[in-house]
Amino acid sequence: MWNPSQYLQYADHRHRPFVDLVARVDLDAPRRIVDLGCGPGNSTRLLSDRWPDAALDALDSSAEMVSAARRNGLAAEQGDVRDWTPAEDTDLVVSNALLQWVPEHRELLAAWARALPRGAVIAVQMPGNFGAPSHRALREVAGSAPWVDRPPVGLLRHDDAVDDPSDYATLLAAHGCAVDAWETTYVHRLSGTDPVLDWMRGTALTPVFDALDDDGQRAFEAELAARLREAYPAGPDGVTLFPFRRVFCVATVGAASGATDLAG
């Protein structure tokens, strides 16, 4: 079960990639904007602030996140991104930190590029840190006794869950899009006891905990926490540095000119 409060514990860190993504969108007056995977809606407000005249749709698969988004004033709806299709007047589709959970997201991106009107923009950001020590530790714990025969193993995303920016640029350019693709590694300064574990409680650990009872959660956390402390030790000032790679892609439908812009 997704926990909006836990997710928002590091709201400033999680919001920054959304800001960086939307800053690369070059649209003056989109008719309809769709935020797929809106979460609690704190970042979605940036879209309505920038384009106040646009119709704004928000979708998330989590009932808890949809409730939080509605409390934030959004007309959010619960649904599966795999079932979503754009309305005829959709000019901007934003998906921030969602598609890494969807194995068939490459097919979805291609389908959106075919369905959206010419000049519409697809703007996506996905965590690209599945090969980082944090996620390797998570998979190692899940793959060891007594967890190896339990559901968490099959719920974890592996290091090929997200492609490189050039792969998404190639994919979307093949469907007639002009593409701006890049990656950024943010170095987050975290404080407190087991801050990387706290970060993961709001995201990567959610499907694992859904498959475990309370005792199982505590035991899993204890083993993972020890590995994370070793991988991410606190510095002399008590701050833990947590590098986090993210992959970005902004594609303008029907605007390909034979060249693709690859930044970073």
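## Close-up views of a predicted model

**Figure 1. Leu-92 stands opposite Val-121 in strand β5.** Welcome to the first close-up of this predicted model. Here strand β4, residues 90-96, runs parallel to β5, and five bridges join the two. Strand β5 covers residues 121-127 and is mostly covered, with seven of its seven residues buried. In a regular strand, side chains alternate between the two faces of the sheet. For β5, one side carries Val-121, Ala-123, Gln-125 and Pro-127, while the other carries Ile-122, Val-124 and Met-126. Both of these faces are covered, and the residues named on them are all buried.

**Figure 2. Helix α5 packs against helix α8 at an angle of about 40 degrees.** Two packed helices are described by the angle between their axes and by the distance between those axes. In this view, α5 spans residues 105-115 and α8 spans residues 165-173, and their axes lie 9 Å apart. The crossing of α5 past α8 is right-handed. From α5, the contact is made by His-105, Arg-106, Leu-109, Ala-110 and Ala-113, and from α8 by Tyr-168, Leu-171 and Leu-172. Sorted by class, the contact of α5 with α8 has six nonpolar residues, one polar and one charged.

**Figure 3. Leu-47 sits in helix α3.** The helix shown here takes in residues 45-50. Is Leu-47 buried or exposed? Leu-47 is buried, because its relative accessible area is 0%, and buried means under 20%. Which residues does Leu-47 touch, leaving aside those up to four places away in sequence? Take a look around the side chain and you will find Phe-18, Val-22, Ile-33, Asp-35, Leu-56 and Val-94. Val-19 offers a handy distance to check: its C-alpha atom is separated from that of Leu-47 by 9.6 Å, and the two residues are 28 apart along the chain.

**Figure 4. Arg-229 and Asp-194 meet in a salt bridge through their side chains.** The N to O distance in this pair is 2.7 Å. The pair links distant parts of the chain, 35 residues apart: Arg-229 belongs to helix α11 (residues 214-231), and Asp-194 to the loop between β6 (178-190) and α9 (195-201). As for accessibility, Arg-229 is partly exposed at 46% relative accessible area, whereas Asp-194 is buried at 19%. The value for Asp-194 counts as buried because the cut-off is under 20%.

**Figure 5. Glu-223 and Arg-227 form a salt bridge within helix α11.** Side chains of opposite charge can pair when their charged atoms come close. In this pair, the N to O distance is 3.6 Å. How far apart are Glu-223 and Arg-227 in helix α11? Because they are four residues apart in that helix, about one helical turn separates them. Glu-223 is partly exposed at 28% relative accessibility, and Arg-227 is partly exposed at 30%. Elsewhere, Arg-32, Asp-57 and Asp-89 are joined into one network by salt bridges that share partners.

**Figure 6. The side chains of Glu-77 and Arg-70 meet in a salt bridge.** For this final close-up, the N to O distance is 3.6 Å. Glu-77 is partly exposed, with 47% relative accessible area, and Arg-70 is partly exposed with a value of 47%. How many salt bridges does the structure hold? The count for the structure is 18.

Key:
Residues are numbered from 1 along each chain as its sequence is written. This is a predicted model: local features need pLDDT of at least 70, side-chain atom pairs count only at pLDDT 80 or more; totals for chains, interfaces and linings use all residues. Side-chain values use heavy atoms; hydrogens and water are left out. A salt bridge is a side-chain nitrogen of Lys or Arg within 4 Å of a carboxyl oxygen of Asp or Glu. Buried means under 20% relative accessible area, exposed over 50%, partly exposed in between (1.4 Å probe, protein chains only). Contact means heavy atoms within 4.5 Å. Axes are lines fitted to C-alpha atoms, for helices over the stretch in contact, and angles run from 0 to 180 degrees between N-to-C directions. A crossing is left-handed if the near helix is turned anticlockwise from the far one by less than a right angle, and right-handed if clockwise. Ala, Val, Leu, Ile, Met, Phe, Trp, Tyr, Cys and Pro count as nonpolar, Asp, Glu, Lys and Arg as charged, and the others, Gly among them, as polar. Two strands pair if DSSP finds at least two bridges between them.
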